[in-house]
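Biologist: I'm new to this one and would like to learn how to read it. Could you walk me through it, feature by feature?

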Amino acid sequence: MIAHLIRSLLQGILVILAVGLIAFSMFRFVGDPIASLAGQEATDADRAELSERLGLNDPFPIQFARFLGHAAHGDFGISYRQARPVADLLTERLPATIELAVLSALFAFIVGVTLGVYAAINRRGLVANSVMVLSLIGVSLPTFLIGIGLIYMFAVELRWLPSFGRGDVVRIGWWTTGLLTETGRKSLVLPVLTLGFFQLTLIMRLVRAEMLETMRTDYVRFARARGIPERRIQFRHALRNTMVPVVTIVGLQLGSVIAFAIVTETVFQWPGLGALFVNAVQFVDIPVMAAYLMFVAFVFATVNFITDFIYVLIDPRLRM
Amino acid sequence: MTEPLLSVRNLRVEFPTRRGILTAVDGVSFDIAPGEVLGVVGESGAGKSLTGAAIIGLLDPPGRIAGGEVLLKGERIDNLPAEALRRVRGKRIGMVFQDPLTSLNPLFQIGEQLTETIQLHTGMSAADARGRAVELLVDVGIPAAERRIDAYPHQFSGGMRQRVVLALALAANPELIIADEPTTALDVSVQAQIIALMKKLCREHHVAIMLITHDMGVIAETADRVAVMYAGRIAEIGPVRDVIKHAHHPYTRGLMGSIPTLTAESERLTQIPGSMPRLTAIPAGCAFNPRCTHVFERCCIERPDLLPTERSQVACWLYAGDMRATA
Amino acid sequence: MSVVSQPPPAQAQKGLFARAWDSDVGYSFRTSPVAIAAATVTVAIVFGTTFAEFITPQNPFDAASLNLMDGFTPPGEAGAGSGMIFRFGADSQGRDMYSALLFGSRVSLLIGTASVIFSLLLGVTLGLVAGYVGGQIEALIMRVADIQLSFPAILVALLVFGIARGLIHPSLHEQMTFVVMTVAIGLSNWAQYARTVRASTLVEKRKEYVDAARVIGLRAFPVMLKHVLPNVAGPVLVIATINLALAVLEEATLSFLGVGMPPTQPSLGTLIRVGQQFLFSGEWWILLFPSVALVTIALSINLFGDWLRDALNPRLR
């Protein structure tokens, strides 16, 4: 068990390093930082001096190590486009994305598991068929269209909910939250639904498939042969077994919800990290791109590790 | 004669498919007396497992019982509503499957799985049920039962797991246990232990066993009577000694001849040419007629009923009254 | 006296199509109205987009053929400038939405197909290498595949896009967009192929005929390939179909975000992006029709892919 966890931790570190390499390589080989920072009137001597000062003449591994060191401190330099420290941009926009991501994941999990279990048990009912239709539509409807559709219905036609932005936010320390104001909460509804919808369909299908698979196992058959009531088999036996792979897979997906938020944030003009990244791509703002990548990799690795940890806790076969 | 515990009359199991209706079990009839061990033997696909599943009401759809009756102590159980049938399962008829590893839920301790079954059928308190569970484990030969009751299935070896499975099947004191290939997934040395255990349990708990297997050796060791199945029908049924030593049906003779023994005089094992027919192409008349060395005209036209011999019954026209002399 | 049973009469040799029609897959197709509908719609769309020039009343991306006075014509009405009937309405520049749809769909489908081919080739190759070579290389490839699968495709595609943009000279940006998008989307979708092919390769590698081939002096790899490819053809086809729908949607998303096809050679995503501007002002048709087209394409391909997966799965029958 310990070996498993250590391996998971190492893998996480490896991922962060690998992404770091990509991010750093972007810095070195894509675009010209000197040109961006020095401006157009700089002379060659100015450029050479800037080059030396930024340490761009040092060997690759040293520069990489320096990059990682800075990254660990949250220092990614200055944004090419906005001329502000990238770290500031990150902390400004982080709460918006985190709130959105966490709420949508919760929504998707709760509704998804419920519907998935229901669809597996009542295989022919109305709910089961709706679930299948819904998940099929979910895979065919791109997130941005869902967002636009919801905006049209609830913001334009019905005028119940706002169509963009976070509404009023309350600042607590360096965090800003929209949960404490009415406009904040209203602004959260549509983006959470949009971001959650795709995850919801995935979870629904997964739970249904796993549950059906579990209901076909020998141990369920044996439980039936012992006369255990069907309901009990479904909710005490099969559900338990189903949740083990579901929790792991959902956990793994969770690590990348933040990245999934890119599209939703763009549609709703949500001031989060995703919108920041898209902007950065359009203008080839390398520091911001690199910082975003590292952050996503970090979250990804951390969530993966925690998921592995939980998996070990719930499956006795791994607890040797 | 005492009233039979289980009585199967003309059982027919069908599978509707797009190629038509396939009859996997066709008119099977037999009785099991209380405390008796009936072996059901045959090749893969002969319909043995389906017969067992049909009796306990665990046929996987689209399979269904299309005809016949199953009577437990004189009362029909094949047409019971789902809830009533569920109460029969475990309490009056138990079932044991082939693979002990997949028969136990890996996430629950075996103690939990035992006490659940016990409490469900007897209504004991949790403490009492746990005590009874320990007793059962001791009964099936699990060492240090008090401790191991809290272990998980993967912490047991294959043979131990099958013992646990037997304990679970016995938990509610059923009168009949259907054992579907209980030793097939085990090592040969462990097989012998499990067979001995089953015999002991049968004696001590006075529980009848329907032992389904393709291994004649196990039958010879354990069963009182044996039914030989072929293509969904019973070819021969009778006391074990009779069927093995004096097989009547040509198929049974072929089976016995194909078993290698240490004391056989001949050098070659008997082979039955051809193979068992697929469900879509069962011959008219006796299902064995294309492969039979004693086949004659009647075999291809009329399907034989189970005809009596001295101690057994055979589904073969060779044993119809007028033909007996030439058998 | 024994009766000898006759063997069944030999079946007449049937043509390939007849055999396909009679097979289980063919039967499944014939009896599934959904599969037939999905396939029909897909074929119709492909047909329509291929021959778009001949079907549409106007080439919406030839500036000379537009009349500004036609702008904002509602669906079904005649344009104020040219008098042409605009079946699905006209956008702000007087472009016929119906024509724009067909041309846009063509771009979407082209990029989608190209990227699927790219990721198929990449994934299958990597899977073969991983399965056959084994060891560290296999571990590395599979780890990367795992990560690629859990990272959203959008992120990978955006990243590739950003890097490409940085590396390619700005004047070439527009021409290179097609290639960049193909590579970007292709790189974000190869892992599924790799996994499937690797699994199959591993299974085949252990079989005895591989050792036998080596013993008699043949090179094992081509022999193994001959057995692996037919085995994976089915699953790879299913993955490719479902991937096609995903690729089309990904392309649309990228274009919607503004990093995809430009308005001068738009895909459906670009059209939707443009249309979104008019959501609040009431010209709903500029947004609706490209959206419906996009969903229809994705849905048909998905339905077909779903049916194909079930039909080719022996366990479900």
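Modeller: Happy to. Helices here are DSSP runs of at least four residues in state H or I, strands are E runs of at least two, and both are numbered from the N terminus. Keep in mind that this is a predicted model.

Biologist: Then let's count. How many helices and strands are there in chain B?

Modeller: Chain B has 12 of each. Its radius of gyration is 21 Å, close to the 20 Å that the globule rule gives for 327 residues, so chain B is as compact as a globular protein of that length. The C-alpha trace spans about 65 × 50 × 45 Å along its principal axes.

Biologist: How many of the residues of chain B count as buried?

Modeller: The figure is 43% of the 327 residues. You can also look at sequence separation: among contacts in chain B with a separation of 6 or more, 63% are between residues 24 or more positions apart.

Biologist: On to strands. What should I look for in a sheet?

Modeller: Look at the strand order and the sense of each pairing. In chain B, 8 strands form an open sheet with mixed pairing, in the order S6-S7-S8-S3-S9-S10-S12-S11. S6 and S11 (307-308) of chain B are the edge strands, each pairing on one side only.

Biologist: Which way do S3 (residues 37-41) and S9 (residues 225-230) of chain B pair?

Modeller: They pair in the parallel sense, over 4 bridges. To find the register, start at Gly39(B), whose bridge partner in S9(B) is Val226(B).

Biologist: And what do S1(B) and S2(B) form?

Modeller: A hairpin, with 2 residues between the strands. S1 (residues 6-17) and S2 (residues 20-32) of chain B run antiparallel and are joined by 10 bridges. One pair to look up is Ser7(B) with Asp31(B) in S2(B).

Biologist: How do I describe helices that pack together?

Modeller: Two packed helices are described by the angle between their axes and the distance between the axes. Take H10(A) and H13 (residues 286-314) of chain A: the angle is about 170° and the axes are 8 Å apart. Angles over 145 degrees count as roughly antiparallel, so H10(A) and H13(A) are roughly antiparallel to each other.

Biologist: Which residues of H10(A) and H13(A) meet?

Modeller: On the H10(A) side they include Val244(A), Val247(A) and Leu252(A), and on the H13(A) side Val303(A), Thr307(A) and Ile310(A) are among them. By class, this helix contact has 8 nonpolar, 4 polar and no charged residues.

Biologist: Now the chains together. How many residues of chain A are in contact with chain C?

Modeller: There are 29 from chain A, touching 29 from chain C. The elements of chain A that give two or more residues include H1 (2-29), H10 (230-254) and H12 (273-282). The side of chain A that touches chain C has 22 nonpolar, 7 polar and no charged residues.

Biologist: How many residues does the contact between chains A and B take?

Modeller: It takes 23 residues from chain B and 16 from chain A. On the side of chain B, H2 (82-88), S6 (93-96), H3 (100-103) and H4 (110-122) each give two or more residues. H4(B) has the largest share, 3 residues. That side divides into 10 nonpolar, 8 polar and 5 charged residues.

Biologist: One last residue: is Thr40(C) buried or exposed?

Modeller: Thr40(C) has 12 C-beta neighbours inside 10 Å, so it counts as exposed. You'll find Thr40(C) in H3 (residues 33-50) of chain C.

Note on methods: Residues numbered from 1 in each chain as written. Chains lettered and ligands numbered in written order. Predicted model: local features only at pLDDT ≥ 70, side-chain atom pairs only at ≥ 80, totals over all residues. Contact = placed C-beta atoms within 7 Å. Nonpolar A, V, L, I, M, F, W, Y, C, P; charged D, E, K, R; others polar. Rg over C-alpha atoms; globule rule 2.2 N^0.38 Å. Buried ≥ 20, exposed ≤ 12 C-beta atoms within 10 Å, placed from the backbone. Axes fitted to C-alpha atoms, helices over the stretch in contact; angles between N-to-C directions. Parallel < 35°, antiparallel > 145°, perpendicular 65-115°, else oblique. Pairing = 2+ DSSP bridges.
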